[in-house]
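Got your viewer open and a cartoon view ready? Let's go through this one stop by stop, selecting as we go.

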Amino acid sequence: MRLNGEISREEEEEERKGEEVNSVRYSIGGSGFQHSQKMVVGYALTSKKKKSFLQPKFIGLARNKGIFFVAIDLNKSLSEQGPFDVILHKLSGKEWCQVIEDYKQKHPDVTILDPPDAIQLLNNRQSMLQDVADLNLTDCHGKVGIPRQLIVTKDPSSVPYEVTKAGMKLPLVAKPLVVDGSAKSHELFLAYDENSLSELEPPLVLQEFVNHGGLLFKIYIVGDTIKVVRRFSLPNISKCELSKVAGVFRFPRVSCAAASAEDADLDPRISEYPPRPLLESLARELRCRLGLRLFNIDMIREHGTKDVFYVIDINYFPGYAKMPDYEHVFTDFLLSLVQNKCKKKPTT
Ligand SMILES: Nc1ncnc2c1ncn2[C@@H]1O[C@H](COP(=O)(O)OP(=O)(O)O)[C@@H](O)[C@H]1O
Ligand SMILES: [Mg+2]
């Protein structure tokens, strides 16, 4: 089955050029001394990401705070560029890991947002959710886990048997195992019966579809800051529908194209935000376990419950422009990196 889609995803080809902004200085008030400097953030982002993230208002605000963005030219040696205080990127792979490693050796003070090998964990839907599965958050006014899932790496003919053996409930969501930014890696399918699963192409993750009232929570993390927005998602699938339908269907693209559900008049049992203590513990744990500071979490509340949540997706450096007040949150976060460094340095 081949179905072409209208997928528009944020990650695409690598970006090679950008704008350079210069001059102006800011002051960081330390304890008892004034440290005057500017912060140079080298970035390696796709042109699409650059357009959505580096908006004029954001660049202007950053400049007023002494933060300057400089495009990294991936065709040139990194050490010939900069020096950078921060490197902002969304790349992984062995070669890039080495480039970053070498740069860090020469410039030990540079902050890498984030380490390429940590980003790599999110490029596979199994390793992406492993830390959530291992979590055991207690006393957070709620529970968080991942939907029951099965990894299919080879011959899909045994899948119907494996699914039954694992006691997985239909319908199932089939997701490509590897997330590489291509449209295909976000082509999801919904399977109403086990037998049609053998039509799908491994490697895959098969995940139980969790009814969640058609609403999804996008939890944005920027360092210590957490912001949640609500988006429309797939509607519940009733037992009746399940009994009548068979086959595998291409998922409508809901996750990034979905309209904001912030202003919608929704059932409060569905739209109520997840408890703050739960979000804080989850974010803190994942920041630490994943070794990442910039990511978002797609989370759903199991329909009919008040406090049972599932994480279904984690993305590195998501579309922050959709996060409320991202300009201030992000610039403050960048400044906090320098301030923390100043605090750590011994005074002479
Ligand atoms: N296990 C699930 N149960 C219910 N809905 C799901 C499940 N997994 C994904 N979805 C729906 O599909 C959308 C896309 O899935 P996601 O795993 O976020 O993939 P992508 O990488 O394409 O964003 C989600 O935003 C949600 O609406
Ligand atoms: Mg998603």
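Start by selecting residues 125-134, which is helix 5. Show side chains for Arg 125, Met 128, Leu 129 and Val 132: these are buried. Now turn the view until you look down the axis of helix 5. The buried residues fall within an arc of 70 degrees, so they line one face of the helix. Keep in mind that you're looking at a predicted model.

What covers those buried residues of helix 5? Add some strands to your selection: the cover includes strand 7 (143-145), strand 9 (172-176), strand 11 (204-208) and strand 16 (308-316).

Next stop, a sheet. Pick out strands 4, 3, 5 and 6, in that order, and you have an open sheet of four strands with parallel pairing. Colour the edges: strand 4 (67-71) and strand 6 (111-113) each pair on one side only. Neighbouring strands in this sheet are turned against each other by 25 degrees on average, ignoring direction.

Stay here and zoom in on strand 3, residues 39-44. Strand 3 runs parallel to strand 4, and five bridges join the two. For a landmark, click Tyr 43; standing opposite, in strand 4, is Ala 71.

Finally, zoom out and show the whole chain. It holds ten helices and 16 strands. Of its 348 residues, 30% are buried. And how much of the contact network spans long stretches of sequence? Taking contacts between residues at least 6 apart in sequence, 75% join residues at least 24 apart.

Note on methods
Residues are numbered from 1 along each chain as its sequence is written. Chains are lettered from A and ligands numbered from 1 in the order in which they are written. This is a predicted model: local features need pLDDT of at least 70, side-chain atom pairs count only at pLDDT 80 or more; totals for chains, interfaces and linings use all residues. Two strands pair if DSSP finds at least two bridges between them. Axes are lines fitted to C-alpha atoms, for helices over the stretch in contact, and angles run from 0 to 180 degrees between N-to-C directions. A residue is buried if 20 or more other C-beta atoms lie within 10 Å of its own, exposed if 12 or fewer, and partly exposed in between; C-beta atoms are placed from the backbone. The arc is that of the directions from the helix axis to the C-beta atoms. Two residues are in contact if their C-beta atoms, placed from the backbone, lie within 7 Å.
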